[in-house]
Amino acid sequence: MLFKHNFTPHNSPIWNNRYILMNRKSIFIQDWLSKGVWAIAHFVDEEGHVLGHQDFCQKFNIQCSKSKFNRVIKSIPLSLKNIVVNDIIYSDISPKLRQLYIDGIRFCDVKCNNKFLRSSLRSLYSPNLLRRNYILKDFQREEIEKIRTDYITFPIPPKGKEVQFKILNKIYPTNRLLSDRFKIETGNCVFCETEEEDLDHLFFLCNFIQIFWLDFHTWLYSSGIQITPFTLNMIMFGVFLKEKKANYGVSVLLILCKQFIHKCRFFKIKPTLAYWKNDLNLLVKSLTLVQKKKAVFFCFLYGRF
Ligand SMILES: [Zn+2]
């Protein structure tokens, strides 16, 4: 990062430079630095010619072997040498060792502490890290606690809980997240194939998903559960219905729906309510064999749908 924010060929030190390598390692000669040698321009005369061994030693009062001098000269890439030579011939500027900056802050400044470096590196390499707190803005503290913990005890497969966890923490690997964070080339949404696939699109905004949620809503309504039309927040975080039993039933079903969308995405098939109900029936069949209170309760509720 230091290199990226501060590189100019003319003022670049040759010591510890990633492009000036000898046996694939950067070089540093303390003795030469103490005599004022640190830039490519120091190896070149006013007309742009590379100094000979003797002239160089005389100019800087350095004693070194000819082979060592030649090895250093050889390690400077030709392209870099040419840029500096052109600078010397046409603009007559002399190199100045510059202060190093990161994001406009001097590297030696007290403000350039670990916290600052961490956030700079993070925004450079992982601009879309976890946003655990993105749910905080729309909910009260008690609601957030319920959103974060209730689903863990639901009688649903671990995959459903995993999908919900990833949605809550915005780490569900959508195409958008994969390309933002890992620079992986990804395609559009697998369902509509036209729009970019981010979290909101995949689980709510996509036309095919909207149809699925609409069918699901109609099915709930016909089963006697009166619920307002779904919003993005309801789908992502769950519902808070006044009637406790309905709230529990719908909350469990919503996560099963999201697990189903996840499954359809994996198999690249469009989600339909009929297909989802098949999956649900199979789950309820196995849940009836479980003697756990929550499973029994859910099966009882399911009987009422
Ligand atoms: Zn789509």
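A residue counts as exposed if 12 or fewer other C-beta atoms lie within 10 Å of its own, and as buried if 20 or more do. With that rule in mind, select Ser-34, which is found in helix α2, residues 30-34. Ser-34 has 11 C-beta neighbours inside 10 Å and therefore counts as exposed. While Ser-34 is still selected, add Lys-66, which is 32 residues away from Ser-34 in sequence and 19 Å away in space, from C-alpha to C-alpha.

**The whole model**

Now clear the selection and show the complete chain, keeping in mind that what is on the screen is a predicted model. The protein has 15 helices and 4 strands. Its radius of gyration is 32 Å, well over the 19 Å that the globule rule gives for 305 residues, so the protein is more spread out than a compact globule. If you turn the C-alpha trace along its principal axes, it spans about 95 × 40 × 35 Å. Of the 305 residues, 18% count as buried. Among the contacts with a separation of 6 or more, 56% are accounted for by residues 24 or more positions apart.

**Two domains**

Next, colour residues 2-124 as domain 1 and residues 132-304 as domain 2, which are the parts into which the protein is divided. How many Å separate the centres of domain 1 and domain 2? Taken over C-alpha atoms, the two centres are 57 Å apart.

**Where α8 meets α13**

Select helix α8, residues 158-168, together with α13, residues 244-267. The axes of these two helices come within 9 Å and cross at roughly 90 degrees. Since an angle of 65 to 115 degrees counts as roughly perpendicular, α8 and α13 are therefore described as roughly perpendicular to each other. To see the residues that meet, display the side chains of Lys-159, Gly-160, Val-163, Gln-164 and Ile-167 on the α8 side, and those of Ile-255, Leu-256, Lys-258, Gln-259 and His-262 on the α13 side. By class, this contact of α8 with α13 has 4 nonpolar, 4 polar and 2 charged residues.

**The loop between α9 and α10**

Move on to the loop between α9, residues 175-182, and α10, residues 199-205, and pick out Glu-193 there. Glu-193 has a positive phi of about 65 degrees, although it is not a glycine. Is Glu-193 buried or exposed? With 11 C-beta neighbours inside 10 Å, Glu-193 counts as exposed.

Phe-191 also has its place in the loop between α9 and α10. Phe-191 has 23 other C-beta atoms within 10 Å, and is therefore buried. Leaving aside residues up to four places away in sequence, Phe-191 touches Cys-206, Phe-208, Ile-209 and Lys-270, so these four are worth selecting with it. One of them, Lys-270, is 79 residues away from Phe-191 in sequence, yet the two are 5.9 Å apart in space, from C-alpha to C-alpha.

**The loop after α13**

For the last stop, select Lys-268, which lies in the loop between α13, residues 244-267, and α14, residues 273-287. Lys-268 has a positive phi of about 55 degrees, although it is not a glycine. Around Lys-268 there are 9 other C-beta atoms within 10 Å, which means that Lys-268 is exposed.

Key. Residues are numbered from 1 along each chain as its sequence is written. This is a predicted model: local features need pLDDT of at least 70, side-chain atom pairs count only at pLDDT 80 or more; totals for chains, interfaces and linings use all residues. The radius of gyration is taken over C-alpha atoms; the globule rule is 2.2 Å times the number of residues to the power 0.38. Two residues are in contact if their C-beta atoms, placed from the backbone, lie within 7 Å. Axes are lines fitted to C-alpha atoms, for helices over the stretch in contact, and angles run from 0 to 180 degrees between N-to-C directions. Angles under 35 degrees count as roughly parallel, over 145 as roughly antiparallel, 65 to 115 as roughly perpendicular and the rest as oblique. Ala, Val, Leu, Ile, Met, Phe, Trp, Tyr, Cys and Pro count as nonpolar, Asp, Glu, Lys and Arg as charged, and the others, Gly among them, as polar. Domain bounds come from an automatic or database domain assignment.
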